[in-house]
Amino acid sequence: MAMKSLDDLFLHFLKDMYHAEKQILRTLPKMAKKAESDDLRKAFEEHRDETEGQIERLEQVFEMVGKRARGEYCDAIHGILEEGKEIMNEAEDKNTLDAGMIAAAQAVEHYEISRYGTLIAWAKQLGHDKAATLLKQTLDEENHADELLSKLAESSLNKKAA
């Protein structure tokens, strides 16, 4: 897709995030299943439910801008998720696995936080204020997930892995 305008960039990033969220939705149950910590398992399961809502909001944003909801392959999220799979396959100790999965999940969250922040700014610039509001809801959820993962890591899981 040619990106000749901010509208084009906005749509490109929207498609990117739609694809990313669908990939994340497929990965979170695998991470929950592998988690040793009940708190970490619960965090992954809850974020899976949030991710379903995030996908629905993205679909609403597509509708608001008059486009069909569809994803576009995202190299970045695939690379980040591949790193996470590597950790899940190679960590021999369950506590190390939990610490590694937190790090992998936070890489995903940081990518999403970056992209949603950009999408919000562009939506506002393009006059898509309702879309910006929906995207802000998702950004708030991603920030909360990142904070929860940090809390789990710093309060206990990193210590157990050490």
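**Exercise 1.** In this predicted model, determine which residues Leu119 is in contact with, leaving aside its neighbours within four places in sequence.

*Solution.* Step 1: set aside the residues within four places of Leu119 in sequence; the contacts that remain are Phe10, Phe13, Leu14, Met17 and Leu135. Step 2: place Leu119 in the nonpolar core. The largest such core has 46 residues, and Leu119 belongs to the group that touches the most other members, together with Phe10, Leu40, Phe44, Ile77, Met101 and Leu135. Step 3: identify the elements that give two or more residues to this core, namely helix 1 (6-34), helix 2 (38-64), helix 3 (75-90), helix 4 (94-125) and helix 5 (129-161).

**Exercise 2.** Establish whether Thr51 is buried or exposed, and state what Thr51 touches beyond four places in sequence.

*Solution.* Step 1: locate Thr51, which is found in helix 2. Step 2: apply the cut-off for buried, under 20% relative accessible area. Thr51 has a relative accessible area of 0% and is therefore buried. Step 3: list the partners; not counting residues up to four places away, Thr51 touches Glu21, Ile24, Leu25 and Leu28.

**Exercise 3.** Describe how the axes of helix 1 and helix 3 are arranged, and characterise the contact of helix 1 with helix 3.

*Solution.* Step 1: the two axes, those of helix 1 and helix 3, come within 11 Å and cross at roughly 10°. Step 2: since angles under 35 degrees count as roughly parallel, helix 1 is therefore roughly parallel to helix 3. Step 3: helix 1 contributes His19, Ala20, Gln23, Ile24, Thr27, Lys30, Met31 and Lys34 to the contact, and helix 3 contributes Ile77, His78, Leu81 and Met88. Step 4: sorted by type, the residues of this contact comprise six nonpolar, four polar and two charged.

Note on methods. Residues are numbered from 1 along each chain as its sequence is written. This is a predicted model: local features need pLDDT of at least 70, side-chain atom pairs count only at pLDDT 80 or more; totals for chains, interfaces and linings use all residues. Side-chain values use heavy atoms; hydrogens and water are left out. A nonpolar core is a set of buried Ala, Val, Leu, Ile, Met, Phe, Trp, Tyr and Cys residues joined through side-chain atoms within 4.5 Å. Buried means under 20% relative accessible area, exposed over 50%, partly exposed in between (1.4 Å probe, protein chains only). Helices (H or I, at least four residues) and strands (E, at least two) are DSSP runs, numbered from the N terminus. Contact means heavy atoms within 4.5 Å. Axes are lines fitted to C-alpha atoms, for helices over the stretch in contact, and angles run from 0 to 180 degrees between N-to-C directions. Angles under 35 degrees count as roughly parallel, over 145 as roughly antiparallel, 65 to 115 as roughly perpendicular and the rest as oblique. Ala, Val, Leu, Ile, Met, Phe, Trp, Tyr, Cys and Pro count as nonpolar, Asp, Glu, Lys and Arg as charged, and the others, Gly among them, as polar.
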